[in-house]
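Colleague: Please take one part of this model and go through it up close. I am in my first year, so short sentences would help. Begin with a contact between two side chains and work outward from there.

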Amino acid sequence: TAKAVEEAYLDGVKAGEAEDWEGARGAFEEALYIKPDYKDVADKAAEAKGRDTAEYYIKEAADADKAGNLDRARTLYKHAIKYGQNDEAAAALTGTRIKPASALFTKGVEMMQNEWPLSAGALFIKSVEMMGDIPEAQRAGVKTPAREISRLLNELYVKGKKEGEAGNAEAAYLYLRMVSRLQPDYPEINTVKERYKDEIRKRAMQTLAIIPFKGPSYNVDAGGAITSSVLDFLYTQLSKDVRILERGAIEALLKESEVKTFQSGEGAKGFLQLLGADHLLLGDVVNYKVDSNVFDTNKTVRAKTGMRNIRNPRYIEWEKKSKGDAPPEYIDEPVFEDLKYKLTHYAKTALVTVSYRIVDSKGDVINTGVAEKRVDAEDDAAEGVEIGEFKIAAKVSKIPNDTDLLRTAQTDVVEKIGNGLNKIFASPEQRLLKEADAQMKRSAYRPALEKAVDALFILERKGLDTAPAEERISAIIKEGKF
């Protein structure tokens, strides 16, 4: 079919672009079998057949090697090995590893001479990784600068310790990480490295402290209810993005009088320094109430309430004339009455309003907001009426109680507050990477490195791909000549 031949042809084109001529040959020959005159499939099939040989791959690989395109040469030699000519291709493949590994070691030594130890270490690691593909018996072909590597390890360790003592945990970690990658059993390396990792974990994530929200005078407990709900949101939604200071730790530091002071926003800077927090969240519950209204109305309905036995008017008329058959003397007549009953209409409006603000470690208010939710509810209730044959069933109002209405409004308000907090604190790794890029553009490489390392630790904490941070770190080390 037309679709089948088109798919086979495209598969052949893709395989050819990847220099998989065995796959390309199979796909083109399939297309040729389905429709021999389809486009240039006959020429494509012939070309793929001519290149589907070990000799082709070895020749092309040798040309790529001479041209310095070692990545392509390695790929082509690997294809050649599949055809059974393992010795020639394998030996050539090893050569494509030996040359660049030796070149990287040489370049690394030059970096050491320029006093760029992290750059040198990165090149040494690449060389070591490349040597992993070289058969052990042939690794002697790579000139390994053992003495220089040993010297670099000691230099990296000393620099790492000095950076740590100077309070530069991120730089200290990178130097020590390089040591552990080059020599995992370097004395005390893991213990020292972990010390700075712990410090970075604490510093990388911003800390948010929450002062108990202030409730209105008519419902002071409302502040505690909002505070608890906001904390639940933070722990559920933002615990991997921001470190939340335990409520107990705050309350242990504050007396009741101090809580009132901080609720007003005074002394926030000093309190943040005392807590070791980066930001402070505080607020006021402006409204936390339910307004209720009850309207009673009396309804009147004329209804049949029974029957009574009366003399038949027709019989009375017959009795006067005494003609014909007599109708019944008595008949039943319905009884109608005006009945009154009470109908009650209930209406409630719950209103929760919270104003909040976020203060940074400098004591500046960086964000303010007001979250409000109004919830209306209404229903009717009626008395039951039963007189004779007439009956109206009683109806009980199903309007929610005040607690449920306030809880509904509170949930919405906390969600709105949470959305505001999300905009500030969510995805800190993205903010840090952007800041690292901005610092790089200004050639401020050390601050850029700190931001990138902090982003790396947050990505690890969140279980996300760390490649973006690692790429930034590599670029900064190279451009900053660390």
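Modeller: From one contact to the sheet

The side chains of Glu333 and Arg308 meet in a salt bridge, at 2.9 Å from N to O. Glu333 belongs to strand β4 (residues 330-360) and Arg308 to strand β3 (residues 279-311), so the contact ties together parts that are 25 residues apart in sequence. A salt bridge here means a side-chain nitrogen of Lys or Arg within 4 Å of a carboxyl oxygen of Asp or Glu.

This is a predicted model: local features need pLDDT of at least 70, side-chain atom pairs count only at pLDDT 80 or more, and totals for chains, interfaces and linings use all residues. Numbering starts from 1 along each chain as its sequence is written, and side-chain values use heavy atoms, with hydrogens and water left out.

How exposed are the two partners? Glu333 has a relative accessible area of 27%, so this residue is partly exposed. Arg308 is partly exposed too, because its relative accessible area is 49%. The scale is simple: buried is under 20%, exposed is over 50%, and partly exposed lies in between (1.4 Å probe, protein chains only).

Stay with β3 and look at Arg311. Arg311 makes a salt bridge with Glu329, and the closest N and O atoms are 3.5 Å apart. Arg311 is in strand β3, while Glu329 sits in the loop between α15 (313-321) and β4. The two residues are 18 apart, and the pair links distant parts of the chain. At 34% relative accessible area, Arg311 is partly exposed. Glu329 also counts as partly exposed, at 32% relative accessibility.

Now step back to the sheet itself. In what order do the five strands of the open sheet run? The order is β2-β1-β3-β4-β5, and the pairing is mixed. At the edges stand β2 (243-244) and β5 (365-382); each has a single partner strand, so one side of each is left without a neighbour in the sheet. Strands (E, at least two residues) and helices (H or I, at least four) are DSSP runs, numbered from the N terminus. Two strands pair if DSSP finds at least two bridges between them.

Next, take the pairings around β3. β3 and β4 run antiparallel to each other, and their pairing covers 31 bridges. Ala303 gives one example: its bridge partner in β4 is Glu337. Leu281 gives another, standing opposite Ile358 in β4. On to strand β1 (residues 207-210). β1 pairs with β3 in the parallel sense, over three bridges. Here Ile210 has Leu281 in β3 as its bridge partner. Follow Leu281 in the view, then. Leu281 has Ile210 as a bridge partner and Ile358 opposite in β4.

Away from the sheet, helices take part in salt bridges as well. Glu470 pairs with Arg181, with the closest N and O atoms 3.9 Å apart. Glu470 lies in helix α19 (residues 467-480) and Arg181 in helix α9 (residues 169-182), so this contact ties together parts that are 289 residues apart in sequence. Glu470 is partly exposed, because its relative accessible area is 21%. Arg181 has a value of 46%, so Arg181 is partly exposed as well.

How many salt bridges does the count come to? It comes to 30 by this rule. Some residues join up further: Glu19, Glu60 and Arg72 are linked in a network of salt bridges.

A few other residues help you practise the exposure scale. Lys202 has its place in helix α10 (residues 189-204). At 57% relative accessibility, Lys202 counts as exposed. Glu6 is in helix α1, and its 41% makes Glu6 partly exposed. Gly141 sits in the loop between α7 (117-131) and α8 (146-165). Gly141 reaches 42% relative accessibility, so Gly141 is partly exposed.

Finally, set sequence against space. Gly141 and Ile473 are 332 residues apart along the chain, and 32 Å separates their C-alpha atoms. Then return to where we began and find Glu333 and Arg308, joined by their salt bridge.
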